[in-house]
Amino acid sequence: MKTEWLDGLSDSGLQRAVQLLQAGECVAVPTETVYGLAADARNAAAVRAIFAAKGRPANHPLIVHLASAEQLPQWAASVPPQAWQLAQAFWPGPLTLLLPKAADVPEEVTGGLPSIGLRVPAHPLLQTLLRQLGSGVAAPSANPYKALSPTSAAQVMAGLDGRIAAVLDGGACEFGLESTIVDLTQPDQGIRILRAGPISRIAIEQVLGRPVEVPQQHNEAVPGNVQAHYQPRTPLHLFSSDELADFIKDGVGDDTGLLLWSPRLIGLACGRERALILPDNAPAFAQTLYQTLHEADQLGYRQLWLEQPPGTEDWLAVNDRLSRAASQ
Ligand code: TXA
Ligand code: MG
(Lines give C-alpha, C1' and ligand atoms only; values in the text may rest on other atoms or scores of the structure.)
(Ligands and ions follow the chains in the order given, each with its own letter.)
Protein backbone atom coordinates (compact mmCIF):
# COMPACT_ATOMS: atom_id res chain seq x y z
CA MET A 1 0.00 0.00 0.00
CA LYS A 2 1.28 3.47 -0.86
CA THR A 3 0.84 5.77 2.14
CA GLU A 4 -0.38 9.24 1.14
CA TRP A 5 1.13 12.25 2.89
CA LEU A 6 -1.67 14.79 3.34
CA ASP A 7 -0.94 18.44 4.07
CA GLY A 8 -3.12 19.45 7.02
CA LEU A 9 -2.86 23.13 6.12
CA SER A 10 -4.70 22.61 2.82
CA ASP A 11 -8.43 21.97 2.54
CA SER A 12 -7.79 19.20 0.05
CA GLY A 13 -5.59 17.32 2.56
CA LEU A 14 -8.34 17.37 5.16
CA GLN A 15 -11.02 16.43 2.61
CA ARG A 16 -8.95 13.48 1.45
CA ALA A 17 -8.52 12.26 5.06
CA VAL A 18 -12.28 12.42 5.62
CA GLN A 19 -12.93 10.60 2.34
CA LEU A 20 -10.48 7.80 3.23
CA LEU A 21 -12.00 7.37 6.70
CA GLN A 22 -15.49 7.21 5.17
CA ALA A 23 -14.21 4.50 2.85
CA GLY A 24 -13.08 2.43 5.85
CA GLU A 25 -9.35 3.17 5.59
CA CYS A 26 -6.90 3.89 8.43
CA VAL A 27 -5.45 7.41 8.50
CA ALA A 28 -2.90 8.73 11.00
CA VAL A 29 -4.10 12.03 12.43
CA PRO A 30 -2.54 14.66 14.69
CA THR A 31 -3.80 15.13 18.23
CA GLU A 32 -2.46 17.46 20.92
CA THR A 33 -0.89 14.43 22.70
CA VAL A 34 0.58 12.10 20.06
CA TYR A 35 -0.45 11.10 16.53
CA GLY A 36 -3.31 8.60 16.47
CA LEU A 37 -4.07 5.89 13.89
CA ALA A 38 -7.73 6.61 13.17
CA ALA A 39 -10.57 4.59 11.70
CA ASP A 40 -14.33 5.09 11.80
CA ALA A 41 -15.28 3.60 15.18
CA ARG A 42 -18.68 2.43 13.86
CA ASN A 43 -17.01 0.37 11.12
CA ALA A 44 -15.79 -2.94 12.63
CA ALA A 45 -13.72 -3.90 9.57
CA ALA A 46 -11.96 -0.53 9.58
CA VAL A 47 -11.21 -0.93 13.30
CA ARG A 48 -9.75 -4.40 12.69
CA ALA A 49 -7.43 -2.84 10.10
CA ILE A 50 -5.94 -0.63 12.84
CA PHE A 51 -4.87 -3.72 14.79
CA ALA A 52 -3.42 -5.30 11.64
CA ALA A 53 -1.42 -2.18 10.72
CA LYS A 54 0.07 -1.85 14.22
CA GLY A 55 0.55 -5.55 14.93
CA ARG A 56 -1.44 -4.92 18.11
CA PRO A 57 -3.17 -7.78 20.00
CA ALA A 58 -6.93 -7.70 19.35
CA ASN A 59 -7.85 -7.58 23.05
CA HIS A 60 -6.11 -4.22 23.65
CA PRO A 61 -8.89 -1.60 23.82
CA LEU A 62 -8.86 1.59 21.74
CA ILE A 63 -9.82 5.14 22.68
CA VAL A 64 -12.68 6.70 20.68
CA HIS A 65 -12.25 10.38 19.80
CA LEU A 66 -15.35 12.58 19.59
CA ALA A 67 -16.03 16.11 18.33
CA SER A 68 -17.76 17.16 21.54
CA ALA A 69 -18.93 15.99 24.95
CA GLU A 70 -22.54 16.14 23.76
CA GLN A 71 -21.86 12.90 21.88
CA LEU A 72 -20.99 10.96 25.07
CA PRO A 73 -24.42 9.30 25.37
CA GLN A 74 -24.03 7.83 21.85
CA TRP A 75 -20.98 5.87 23.00
CA ALA A 76 -21.44 5.33 26.75
CA ALA A 77 -24.32 3.35 28.26
CA SER A 78 -24.45 5.78 31.18
CA VAL A 79 -22.68 9.05 31.94
CA PRO A 80 -22.18 9.81 35.66
CA PRO A 81 -22.10 13.43 36.85
CA GLN A 82 -18.34 13.20 37.42
CA ALA A 83 -17.86 12.58 33.69
CA TRP A 84 -19.75 15.74 32.81
CA GLN A 85 -17.73 17.70 35.37
CA LEU A 86 -14.40 16.50 33.97
CA ALA A 87 -15.56 16.98 30.39
CA GLN A 88 -16.60 20.53 31.20
CA ALA A 89 -13.24 21.27 32.84
CA PHE A 90 -10.77 19.54 30.49
CA TRP A 91 -12.35 18.94 27.06
CA PRO A 92 -11.31 19.47 24.43
CA GLY A 93 -8.01 18.22 25.83
CA PRO A 94 -5.67 15.40 26.84
CA LEU A 95 -8.05 13.47 29.10
CA THR A 96 -9.65 10.07 28.40
CA LEU A 97 -12.68 8.94 30.41
CA LEU A 98 -13.51 5.26 30.86
CA LEU A 99 -17.26 4.69 30.95
CA PRO A 100 -19.59 1.72 30.47
CA LYS A 101 -19.75 1.00 26.74
CA ALA A 102 -22.97 1.54 24.78
CA ALA A 103 -24.31 -1.75 23.43
CA ASP A 104 -24.10 -0.81 19.73
CA VAL A 105 -20.39 0.11 19.72
CA PRO A 106 -18.49 -2.66 17.88
CA GLU A 107 -16.74 -5.14 20.20
CA GLU A 108 -13.54 -4.65 18.22
CA VAL A 109 -13.16 -1.11 19.58
CA THR A 110 -12.95 -2.16 23.22
CA GLY A 111 -11.28 -5.53 22.73
CA GLY A 112 -14.37 -7.20 24.18
CA LEU A 113 -14.33 -5.11 27.41
CA PRO A 114 -17.59 -3.72 28.83
CA SER A 115 -16.01 -0.25 29.19
CA ILE A 116 -14.98 2.31 26.57
CA GLY A 117 -12.32 5.03 26.57
CA LEU A 118 -13.63 8.36 25.24
CA ARG A 119 -11.88 11.63 24.60
CA VAL A 120 -12.56 14.96 22.89
CA PRO A 121 -9.21 16.00 21.40
CA ALA A 122 -8.17 19.65 21.16
CA HIS A 123 -6.13 19.61 17.95
CA PRO A 124 -8.02 21.94 15.56
CA LEU A 125 -7.43 19.75 12.49
CA LEU A 126 -8.82 16.67 14.20
CA GLN A 127 -11.73 18.71 15.55
CA THR A 128 -12.63 19.79 12.01
CA LEU A 129 -12.16 16.26 10.70
CA LEU A 130 -14.45 14.78 13.38
CA ARG A 131 -17.16 17.34 12.66
CA GLN A 132 -17.04 16.62 8.94
CA LEU A 133 -16.98 12.87 9.45
CA GLY A 134 -19.94 13.02 11.83
CA SER A 135 -18.75 9.91 13.67
CA GLY A 136 -16.16 9.05 16.29
CA VAL A 137 -12.77 7.69 15.36
CA ALA A 138 -11.06 4.88 17.23
CA ALA A 139 -7.38 5.78 17.42
CA PRO A 140 -4.46 4.24 19.28
CA SER A 141 -1.09 5.93 19.03
CA ALA A 142 0.14 5.66 15.42
CA ASN A 143 3.17 3.44 16.02
CA PRO A 144 3.93 -0.25 15.54
CA TYR A 145 3.00 -2.25 18.66
CA LYS A 146 5.26 -1.44 21.65
CA ALA A 147 7.31 1.16 19.76
CA LEU A 148 7.53 4.84 20.66
CA SER A 149 4.48 6.98 20.04
CA PRO A 150 4.93 9.45 17.17
CA THR A 151 4.75 13.19 17.79
CA SER A 152 5.17 14.21 14.13
CA ALA A 153 3.98 13.00 10.73
CA ALA A 154 7.56 12.02 9.85
CA GLN A 155 7.71 9.71 12.87
CA VAL A 156 4.42 8.11 11.83
CA MET A 157 5.89 7.41 8.41
CA ALA A 158 9.09 6.00 9.92
CA GLY A 159 7.00 3.32 11.66
CA LEU A 160 3.96 2.72 9.45
CA ASP A 161 4.82 3.76 5.87
CA GLY A 162 3.20 1.27 3.50
CA ARG A 163 0.88 -0.12 6.19
CA ILE A 164 -1.73 2.68 6.34
CA ALA A 165 -3.65 4.67 3.74
CA ALA A 166 -2.43 8.13 4.75
CA VAL A 167 -0.98 10.46 7.34
CA LEU A 168 -2.48 13.89 7.87
CA ASP A 169 0.37 16.26 8.74
CA GLY A 170 -0.69 18.63 11.52
CA GLY A 171 2.75 19.59 12.80
CA ALA A 172 4.42 18.63 16.07
CA CYS A 173 2.17 17.60 18.97
CA GLU A 174 1.69 20.12 21.76
CA PHE A 175 1.99 17.77 24.77
CA GLY A 176 4.04 14.90 23.34
CA LEU A 177 2.74 12.33 25.89
CA GLU A 178 -0.46 10.28 25.79
CA SER A 179 -3.63 11.47 27.55
CA THR A 180 -4.42 10.94 31.21
CA ILE A 181 -6.90 8.04 31.56
CA VAL A 182 -9.50 8.22 34.36
CA ASP A 183 -11.64 5.20 35.23
CA LEU A 184 -15.22 6.34 35.85
CA THR A 185 -16.87 2.96 35.37
CA GLN A 186 -17.72 2.64 39.10
CA PRO A 187 -17.47 6.15 40.54
CA ASP A 188 -19.21 5.15 43.77
CA GLN A 189 -16.43 2.67 44.51
CA GLY A 190 -13.63 5.12 43.75
CA ILE A 191 -12.15 7.01 40.85
CA ARG A 192 -8.77 5.91 39.58
CA ILE A 193 -6.20 7.26 37.19
CA LEU A 194 -5.14 4.33 34.98
CA ARG A 195 -2.47 6.17 33.04
CA ALA A 196 -0.73 9.36 34.17
CA GLY A 197 -0.66 12.10 31.57
CA PRO A 198 -0.79 15.85 30.95
CA ILE A 199 -3.83 16.39 33.21
CA SER A 200 -2.59 15.92 36.78
CA ARG A 201 -4.23 14.13 39.69
CA ILE A 202 -4.39 17.43 41.59
CA ALA A 203 -6.25 19.17 38.75
CA ILE A 204 -8.75 16.29 38.60
CA GLU A 205 -9.26 16.27 42.37
CA GLN A 206 -9.88 20.01 42.35
CA VAL A 207 -12.69 19.60 39.83
CA LEU A 208 -14.25 16.57 41.52
CA GLY A 209 -13.73 17.74 45.09
CA ARG A 210 -12.66 14.27 46.20
CA PRO A 211 -9.51 12.14 46.25
CA VAL A 212 -8.50 10.14 43.19
CA GLU A 213 -6.17 7.14 43.19
CA VAL A 214 -3.01 7.27 41.07
CA PRO A 215 -1.22 4.29 39.56
CA GLN A 216 1.89 3.17 41.42
CA GLN A 217 3.87 2.56 38.27
CA HIS A 218 1.56 1.00 35.75
CA ASN A 219 -1.57 -1.04 35.90
CA GLU A 220 -1.41 -4.45 34.24
CA ALA A 221 -5.07 -5.18 34.95
CA VAL A 222 -6.01 -3.78 31.55
CA PRO A 223 -4.85 -5.52 28.38
CA GLY A 224 -2.59 -3.07 26.60
CA ASN A 225 -1.38 -1.33 29.73
CA VAL A 226 1.83 -3.34 29.82
CA GLN A 227 5.16 -2.50 31.38
CA ALA A 228 7.36 -3.03 28.30
CA HIS A 229 5.88 -0.31 26.11
CA TYR A 230 6.79 3.01 24.50
CA GLN A 231 10.25 1.70 23.74
CA PRO A 232 13.09 2.95 21.54
CA ARG A 233 14.87 0.23 19.54
CA THR A 234 18.15 0.98 21.31
CA PRO A 235 18.18 -0.39 24.90
CA LEU A 236 17.56 2.45 27.34
CA HIS A 237 18.92 2.60 30.89
CA LEU A 238 17.98 5.14 33.56
CA PHE A 239 20.50 6.49 36.08
CA SER A 240 20.33 9.04 38.87
CA SER A 241 22.17 12.31 38.24
CA ASP A 242 24.88 11.31 40.74
CA GLU A 243 25.48 7.88 39.18
CA LEU A 244 25.66 9.38 35.72
CA ALA A 245 28.01 12.14 36.90
CA ASP A 246 30.43 9.45 38.08
CA PHE A 247 30.21 7.63 34.74
CA ILE A 248 30.87 10.85 32.82
CA LYS A 249 33.90 11.64 34.99
CA ASP A 250 35.27 8.15 34.24
CA GLY A 251 34.53 8.55 30.50
CA VAL A 252 31.66 7.03 28.53
CA GLY A 253 32.25 4.73 25.55
CA ASP A 254 31.46 5.82 21.97
CA ASP A 255 28.81 3.14 21.75
CA THR A 256 26.75 4.86 24.44
CA GLY A 257 24.38 7.79 23.87
CA LEU A 258 23.80 10.18 26.78
CA LEU A 259 20.48 11.94 27.36
CA LEU A 260 20.82 14.69 29.95
CA TRP A 261 18.64 17.44 31.37
CA SER A 262 20.38 18.96 34.42
CA PRO A 263 22.71 21.92 33.90
CA ARG A 264 25.24 20.16 36.17
CA LEU A 265 25.54 17.06 33.98
CA ILE A 266 25.30 18.99 30.74
CA GLY A 267 28.21 21.12 32.01
CA LEU A 268 30.16 18.02 32.98
CA ALA A 269 29.62 16.31 29.63
CA CYS A 270 30.30 19.44 27.58
CA GLY A 271 33.45 19.08 25.52
CA ARG A 272 33.98 15.45 26.58
CA GLU A 273 30.92 13.54 25.44
CA ARG A 274 28.27 13.84 22.76
CA ALA A 275 24.96 14.20 24.55
CA LEU A 276 21.35 14.81 23.62
CA ILE A 277 19.87 17.56 25.76
CA LEU A 278 16.37 17.46 27.24
CA PRO A 279 14.60 20.40 28.96
CA ASP A 280 14.73 20.59 32.76
CA ASN A 281 11.00 21.18 33.34
CA ALA A 282 8.39 18.45 33.07
CA PRO A 283 6.02 19.85 30.38
CA ALA A 284 8.83 20.73 27.99
CA PHE A 285 10.63 17.43 28.70
CA ALA A 286 7.40 15.54 27.94
CA GLN A 287 6.84 17.50 24.74
CA THR A 288 10.21 16.52 23.29
CA LEU A 289 10.85 13.11 24.92
CA TYR A 290 9.62 10.79 22.14
CA GLN A 291 11.11 12.99 19.44
CA THR A 292 14.47 12.87 21.23
CA LEU A 293 14.31 9.09 21.68
CA HIS A 294 13.43 8.73 17.98
CA GLU A 295 16.49 10.83 17.12
CA ALA A 296 18.70 8.88 19.52
CA ASP A 297 17.55 5.69 17.79
CA GLN A 298 18.88 7.01 14.47
CA LEU A 299 22.40 7.57 15.84
CA GLY A 300 23.37 3.91 15.96
CA TYR A 301 24.33 3.64 19.63
CA ARG A 302 24.44 0.24 21.31
CA GLN A 303 22.77 1.67 24.42
CA LEU A 304 21.27 4.90 25.73
CA TRP A 305 21.87 6.24 29.24
CA LEU A 306 19.29 8.72 30.41
CA GLU A 307 19.47 11.01 33.45
CA GLN A 308 16.36 10.15 35.47
CA PRO A 309 14.21 13.20 36.29
CA PRO A 310 13.10 14.05 39.85
CA GLY A 311 10.53 11.77 41.50
CA THR A 312 8.08 14.59 42.24
CA GLU A 313 4.45 14.44 41.15
CA ASP A 314 4.84 16.90 38.26
CA TRP A 315 7.16 14.32 36.65
CA LEU A 316 4.77 11.38 37.20
CA ALA A 317 3.69 10.89 33.57
CA VAL A 318 7.24 11.33 32.27
CA ASN A 319 8.65 8.86 34.82
CA ASP A 320 5.89 6.37 33.99
CA ARG A 321 6.81 6.41 30.28
CA LEU A 322 10.54 6.33 31.02
CA SER A 323 10.24 3.30 33.27
CA ARG A 324 8.29 1.50 30.54
CA ALA A 325 10.73 2.63 27.83
CA ALA A 326 13.63 1.25 29.91
CA SER A 327 11.87 -1.97 30.88
CA GLN A 328 13.46 -5.15 29.51
O1 TXA B 1 -3.35 10.57 24.00
C2 TXA B 1 -3.81 9.46 23.76
O3 TXA B 1 -4.52 8.84 24.55
C4 TXA B 1 -3.49 8.85 22.40
C5 TXA B 1 -4.10 9.74 21.33
C6 TXA B 1 -3.99 9.15 19.95
O7 TXA B 1 -5.44 10.01 21.67
N8 TXA B 1 -3.97 7.51 22.31
C9 TXA B 1 -3.37 6.46 22.92
O10 TXA B 1 -3.98 5.25 22.61
O11 TXA B 1 -2.41 6.56 23.64
P12 TXA B 1 -3.27 3.84 22.90
O13 TXA B 1 -4.18 2.83 22.30
O14 TXA B 1 -1.88 3.86 22.43
O15 TXA B 1 -3.36 3.70 24.44
C16 TXA B 1 -4.65 3.63 25.01
C17 TXA B 1 -4.67 2.81 26.25
C18 TXA B 1 -4.73 1.32 26.03
O19 TXA B 1 -3.49 0.72 25.92
C20 TXA B 1 -5.45 0.87 27.29
O21 TXA B 1 -4.50 0.66 28.31
C22 TXA B 1 -6.32 2.06 27.66
O23 TXA B 1 -5.91 3.11 26.87
N24 TXA B 1 -7.73 1.82 27.38
C25 TXA B 1 -8.46 2.13 26.29
N26 TXA B 1 -9.71 1.69 26.39
C27 TXA B 1 -9.80 1.10 27.58
C28 TXA B 1 -10.83 0.41 28.29
N29 TXA B 1 -12.04 0.24 27.78
N30 TXA B 1 -10.54 -0.09 29.52
C31 TXA B 1 -9.32 0.07 30.04
N32 TXA B 1 -8.30 0.68 29.44
C33 TXA B 1 -8.53 1.18 28.23
MG1 MG C 1 0.06 3.46 22.33
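Colleague: How do you know which way helix α2 runs relative to β3?

Modeller: In this predicted model, α2 (residues 44-54) lies across β3 (36-40) and β7 (137-138), and its angle to β3 is about 155 degrees. Angles over 145 count as roughly antiparallel, so at about 155 degrees α2 is roughly antiparallel to β3.

Colleague: Which residues of α2 are buried, and what covers them?

Modeller: The buried ones are Ala46, Val47, Ala49, Ile50, Phe51, Ala53 and Lys54. Their cover includes β3, β7, α5 (107-110) and α7 (153-160). Just past the end of α2, Gly55 has a positive phi of about 70 degrees.

Colleague: What makes the sheet an open one, and which strands are its edges?

Modeller: Take the order of the ten strands: β1-β8-β2-β3-β7-β4-β6-β5-β9-β10, with mixed pairing. The edges are β1 (4-7) and β10 (192-195), each of which pairs on one side only.

Colleague: How do you know that β2 and β8 count as paired?

Modeller: Two strands pair if there are at least two bridges between them. Strand β2 (residues 27-29) and strand β8 (residues 166-169) have two bridges, in the parallel sense, so they qualify. Within that pair, Ala28 stands opposite Val167 in β8.

Colleague: Why are α4 and α8 called oblique?

Modeller: Helix α4 (residues 81-90) and helix α8 (residues 201-208) cross at roughly 120 degrees, and their axes come within 10 Å. The roughly perpendicular range is 65 to 115 and roughly antiparallel needs over 145, so a crossing of roughly 120 degrees falls under oblique. The crossing is right-handed. On the α4 side the contact involves Gln82, Gln85, Leu86 and Ala89, which meet Ile204, Val207 and Leu208 in α8.

Colleague: What about α1 and α6: why are they oblique?

Modeller: Helix α1 (residues 11-22) and helix α6 (residues 124-133) pack at about 50 degrees, with their axes 10 Å apart. Roughly parallel means under 35 degrees, and roughly perpendicular begins at 65, so about 50 degrees makes α1 and α6 oblique. Their crossing is right-handed. The contact brings Leu14, Ala17, Val18, Leu21 and Gln22 of α1 against Leu125, Thr128, Leu129, Gln132 and Leu133 of α6.

Colleague: Which residues does the UniProt "binding site" annotation cover?

Modeller: According to the UniProt record, an unreviewed entry, they are Thr33, His65, Arg119, Ala139 and Ser179.

Colleague: How do you know that they gather at one spot?

Modeller: They span 147 residues in sequence, but no two of their C-alpha atoms are more than 12.4 Å apart, so they do come together.

Colleague: What makes His65 buried?

Modeller: The cut-off is 20 or more other C-beta atoms within 10 Å. His65 has 27 such neighbours, so it counts as buried. The residue is found in strand β4 (residues 63-65). Setting aside neighbours within four places in sequence, its contacts are Gly36, Arg119, Pro121, Leu126, Leu130, Gly136, Val137 and Ala139.

Colleague: And why is Arg119 called buried?

Modeller: Arg119 has 26 other C-beta atoms within 10 Å, against a cut-off of 20, so the label holds. Its place is in strand β6 (residues 115-119). Again leaving aside neighbours within four places in sequence, Arg119 is in contact with Ile63, His65, Leu95, Thr96 and Ser179.

Conventions:
Residues numbered from 1 in each chain as written. Chains lettered and ligands numbered in written order. Predicted model: local features only at pLDDT ≥ 70, side-chain atom pairs only at ≥ 80, totals over all residues. UniProt positions renumbered as here; feature names shortened; annotations may be inferred. Helix = DSSP H or I, 4+ residues; strand = E, 2+ residues; numbered from the N terminus. Buried ≥ 20, exposed ≤ 12 C-beta atoms within 10 Å, placed from the backbone. Contact = placed C-beta atoms within 7 Å. Axes fitted to C-alpha atoms, helices over the stretch in contact; angles between N-to-C directions. Left-handed = near helix turned anticlockwise from the far one by under 90°.
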